[in-house]
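Here is a short report on helix packing and on the contact between two chains. Look over the sequence and the model first.

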Amino acid sequence: MPKFKPHRAGVRIDMTPLVDVAFLLLTFFMLTTQFKPQEEVTIILPASHSNYKLPESDVITISIGKEAVPVVDIAAQTKDTTHIWLAVDSQLLRQRLFGAYKNVLSPTTNKPYGDKYFLQLGFPVPKSQLANYLIDARTKNPRLRTVIKGDKLADYGIAEDVMDILQKTQITRFNLVTELAQSVGE
Amino acid sequence: MAGGDVAAEPRKKGKSKKRKKGRRLGIRIDMTPLVDVAFLLLTFFMFTTSMSRPQTMEINLPPDKNVKVEIAESNLLSLRVNDKGDIFWSIGIEAPAKVAYKDLRSFLVDKSTANPKLTVLLKIDRQGKYSMLVNLIDELNQARISRFSIGPLVDQDKTLIAKVQG
């Protein structure tokens, strides 16, 4: 009996459409992607059922952390601790607000801040200076939307103080960032 | 024949006649590495992209703190929250009573349907948690109460609550 060898058919798939689709998707994701900004302070957001979306640009974020961090109060030339972080999405504004920190010694590392203010999205600010920063930022960019991002377990007292400061600086409209609550019935 | 990656058409031997037109070579490029890289990048961007933006709830404060809003006592529902997160409600100057957080929404709906002019005043202890504020505002929103005020929990309120707790 002759050995029967199955004949191997030389299948060649035309990959061109596959490549087309792959590159189409690739360009889509490349153009739409926004990298998650690096956060200096980890904040666990509280959940809510609100469905307003956070605006994409022109946002000034006041973060309220769970733990206090050491900070230098430039105006009073003193060391202080704070729970409040301020973040703006534009580098120019960041430089304007925090540029004075360049030669100030950081209390955590004992080295000058240098260009850290430029690279870091958020910066700890003493509570006493928050109003000045907010006014400064809003005179530079009046379209800024103020957003409060508080940690679930942060003390309410700090949030109350922040809201007082906002009211005093005539920022009467602001948003609280929350996470979408998982279950609808809860 | 299968398998040949770069298969060029067999060139015709004779360099005969005029070669005015450049001869087209049938070049077939192996696209596999290209596809590999494309998909690698594709998966990278798919995983790193953050499609969903966080939710926010909007709050409008009155522009001036010193504006006095006069409300009839019977229309004022105070919700006081102590540092442990217990909620106490009272209408007007009645003695506060405790309400569980899970019953809060039905309670608020009941109260606001019973009295549509009801105004809610939130008072949260400074030692309380920030999530309490968000939860309460969320409950108010869910109960379709869009107007409320936030006030500080003063010592007077604390003694009132302490009295109820016994």
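## Helix packing and the chain interface

H2(B) and H3(B) are oblique to each other, since oblique covers angles that are not under 35 degrees (roughly parallel), over 145 (roughly antiparallel) or 65 to 115 (roughly perpendicular). This is a predicted model, where local features need pLDDT of at least 70, side-chain atom pairs count only at pLDDT 80 or more, and totals for chains, interfaces and linings use all residues. Residues are numbered from 1 along each chain as its sequence is written, chains are lettered from A and ligands numbered from 1 in the order written, and side-chain values use heavy atoms, without hydrogens and water.

| Helix pair | Angle | Axis distance |
|---|---|---|
| H2(B), residues 104-114, and H3(B), residues 130-142 | about 45° | 9 Å |
| H2(A), residues 91-98, and H4(A), residues 130-140 | about 140° | 10 Å |

The angle in the second row makes H2(A) oblique to H4(A). In H2(A), Leu93(A), Arg96(A), Leu97(A) and Phe98(A) make the contact (heavy atoms within 4.5 Å). Their partners in H4(A) are Tyr133(A), Asp136(A), Ala137(A), Thr139(A) and Lys140(A).

Now the interface. Chain A puts 57 residues in contact with 50 residues of chain B. The buried area (accessible area, 1.4 Å probe, lost on being put together, summed over both parts) is about 5,000 Å². Carbon and sulfur atoms give 60% of that area. Five salt bridges (Lys or Arg side-chain nitrogen within 4 Å of an Asp or Glu carboxyl oxygen) are counted between chain A and chain B. Glu58(B) and Arg145(A) meet through their side chains in a salt bridge, at 3.5 Å from N to O.

Notes. Axes are lines fitted to C-alpha atoms, for helices over the stretch in contact, and angles run from 0 to 180 degrees between N-to-C directions. Helices (H or I, at least four residues) and strands (E, at least two) are DSSP runs, numbered from the N terminus. Buried area is the accessible area (1.4 Å probe) that two parts lose on being put together, summed over both.
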